[in-house]
Amino acid sequence: MYGLIEELYPICRSITGEGVRDTLRILQRHIPLEIQEVPSGTQVFDWTVPKEWNIHDAYVKDFKGKRIIDFQQSNLHVVSYSHPIHARMRLAELTSHLYSLPDRPDWIPYRTSYYNEDWGFCLSHRQLEQLADEEYEVCIDSTLTDGALTYGECFIAGSSTDEVLISCHICHPSLCNDNLSGIAVATYLAAHVAGLAQRRYSYRFLFIPGTIGSITWLARNETNVRHIRHGLVVTCVGDGGGFTYKKSRRGNAEIDRVMAQVFRHCGKDYVMQDFFPYGYDERQYCSPGFDLPVGCLMRSPHGSFPEYHTSADNLDFVQPQYVQESLELYQEVVEVLEHNRRYVSLNPKCEPQLGRRGLYSAIGGDSDAAKKQLTMLWVLNLADGNHSLLAMAERARIPFGQVREMVQILERHGLLREATSED
Ligand code: ZN
């Protein structure tokens with residue numbers, strides 16, 4: 001995953017353009033990803049697919065002709081969606097188009113001007129302060145033309161048409177935690193899901209530009225969203241902070257309960273947040289006209305770390321072990337969703353005689369035996385067709401995997417069967 005982040009890091013992405021296509025083509029080497037193109041001008045609910053932005057070069061040259069701000073050094077130097085310009089101007093005029101961070105004088109900020117035509121450069125505050133009052137040559141060699149909005153969709157069929165939606169944004173240039181970490185984890189999660197021997201759910205992975213991408217996808221798939229049973233937005237999963245889960249708008253969806261369960265036993269720091277209508281694409285999935293059961297699983301939330309939307313959100317800020325931990329947590333969520341079924345005890349009148357059935361030896365005599373025995377009693381007691389494995393794990397305060405393991409043992413011993421819709 002870290003190698004993928006390194007490979008994607010230099011690409012200048014935005015909400016449209018070749019950077020997005022280049023990124024998606026690289027992902028196609030890992031997962032079966034379909035690239036979709038939606039023409040500029042397409043109406044999507046209250047929004048319109050914007051013109052396509054591409055950039056080839058940009059710089060500010062001093063009077064000696066030396067590039068003092070250079071897009072080739074960092075794509076963050078140019079405000080994303082800057083319209084083309086080639087002009088000479090004095091510092092006073094140039095300054096109104098320059099952005100820096102006075103309190104972080106060595107970092108370059110990340111700025112965009114998607115929906116109002118403008119141009120600008122971002123630079124470190126230290127560099128800004130050194131600019132002399134002279135004439136500068138300013139050039140942004142960009143194009144803003146009718147083209148398309150590009151997104152990627154990876155559908156992995158399961159035995160049911162019920163879907164799990166995993167969505168990440170792909171619109172940021174050289175920024176690692178927000179958003180390359182999300183792209184990497186979503187890609188490797190898709191590969192993991194595709195490799196599962198059995199899948200109960202179908203999985204839909206979206207690689208979309210933030211906001212306009214999810215709005216566009218929802219507008220084109222309005223009739224299909226009814227299949228979505230659970231969803232997660234993946235973002236900021238590569239930093240060293242603890243985990244954060246922002247609940248779906250519903251607040252009590254199965255995915256919200258699954259996250260609480262997985263967190264409770266993950267052995268790491270975590271925070272559960274209630275839904276609020278700001279953040280990433282969960283804003284669109286959880287708009288009242290859709291109200292999908294989609295939460296957002298992150299490490300440090302956007303805006304909570306100073307590196308956010310600056311050049312310091314770089315290849316040092318994200319680390320392989322953190323993206324790996326995040327991927328493992330996502331895999332565990334998939335595991336719980338896949339196996340969260342209901343069971344019925346085949347011996348519901350009083351406890352079955354465990355010794356006679358060889359169940360004490362089945363759970364072994366190790367130090368965990370007492371715990372396992374209690375897990376067995378919980379499962380037998382709650383296997384009434386109404387409690388899902390998740391409900392059992394919640395009520396017994398036991399990790400989901402241990403409940404599932406016990407269900408398998410009891411099933412083998414003829415004491416449980418999976419519940420049907422009649423139960
Ligand atoms: Zn962002």
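This report walks through the zinc site, the pockets and cavities, and some strands of the structure above.

## Before we start

What you see is a predicted model, where local features need pLDDT of at least 70, side-chain atom pairs count only at pLDDT 80 or more, and totals for chains, interfaces and linings use all residues. Residues are numbered from 1 along each chain as its sequence is written, and side-chain values use heavy atoms, with hydrogens and water left out.

## The zinc site

Let's begin with the metal. The zinc ion is held by His 172 (NE2), Asp 178 (OD) and His 309 (NE2), at 2.0 to 2.1 Å. Donors here are N, O and S atoms within 2.8 Å of the metal (3.2 Å for Na, K and Ca); water is not among the atoms, so sites may look incomplete. Along the chain, the donors of the zinc ion are spaced as H-x5-D-x130-H.

His 172 and Asp 178 are both buried. Buried means under 20% relative accessible area, exposed means over 50%, and partly exposed is in between (1.4 Å probe, protein chains only). His 309 counts as partly exposed, at 21% relative accessibility. You'll find His 309 in the loop between strand 16 (294-298) and helix 9. Helices (H or I, at least four residues) and strands (E, at least two) are DSSP runs, numbered from the N terminus.

## Two residues with a positive phi

Most residues other than glycine have a negative phi. His 309 goes the other way, with a positive phi near 55 degrees. Cys 236 is not a glycine either, yet it has a positive phi of about 50 degrees. Cys 236 sits in the loop between strand 13 and strand 14, and it is buried, with a relative accessible area of 0%.

## Pockets

How do you find empty space in a protein? Rolling a probe the size of a water molecule over the atoms shows where empty space is left. On a 1 Å grid over the protein atoms alone, a cavity is a set of points where a 1.4 Å probe fits but cannot get out, while a pocket is an open set with protein on both sides within 12 Å along at least five of seven lines; lining residues have an atom within 4 Å of a point. Grid points are joined across faces, edges and corners, and a volume is the space filled by probe spheres set on the points.

The largest pocket holds about 470 Å³ of space. Of the 20 residues lining the largest pocket, His 172, Thr 211, Gly 279, Arg 283 and His 309 are the closest to its centre. Two of these names, His 172 and His 309, also appear at the zinc ion. The lining of the largest pocket has eight nonpolar, nine polar and three charged residues. In this sorting, Ala, Val, Leu, Ile, Met, Phe, Trp, Tyr, Cys and Pro count as nonpolar, Asp, Glu, Lys and Arg as charged, and the others, Gly among them, as polar.

The second largest pocket has about 300 Å³ of space. Its lining has 18 residues, and nearest its centre lie Gln 198, Glu 338, His 339, Arg 341 and Arg 404. Helix 9 and helix 13 (400-412) are the elements that give two or more residues to this lining. By class, the second largest pocket is lined by five nonpolar, five polar and eight charged residues.

## Cavities

There are two cavities of 30 Å³ or more. The largest cavity has about 40 Å³ of space, and its lining divides into six nonpolar, two polar and two charged residues. Among them are Cys 12, Trp 53, Tyr 110 and Pro 173.

The second largest cavity also has a volume of about 40 Å³. Helix 9 (320-339) gives the largest share of its lining, four residues. Eight nonpolar, two polar and no charged residues line the second largest cavity.

## An open sheet

Four strands form an open, antiparallel sheet in the order 5-4-9-6. Strand 5 (67-70) and strand 6 (85-90) stand at the edges with a single partner strand each, so one side of each has no neighbour in the sheet. Two strands pair if DSSP finds at least two bridges between them.

Strand 4 (residues 52-61) and strand 5 are joined by three bridges, and Tyr 59 has Asp 70 as its bridge partner in strand 5. Strand 4 and strand 9 (residues 135-145) pair over nine bridges. Strand 6 is joined to strand 9 by six bridges, with Arg 90 partnered by Glu 135 in strand 9.
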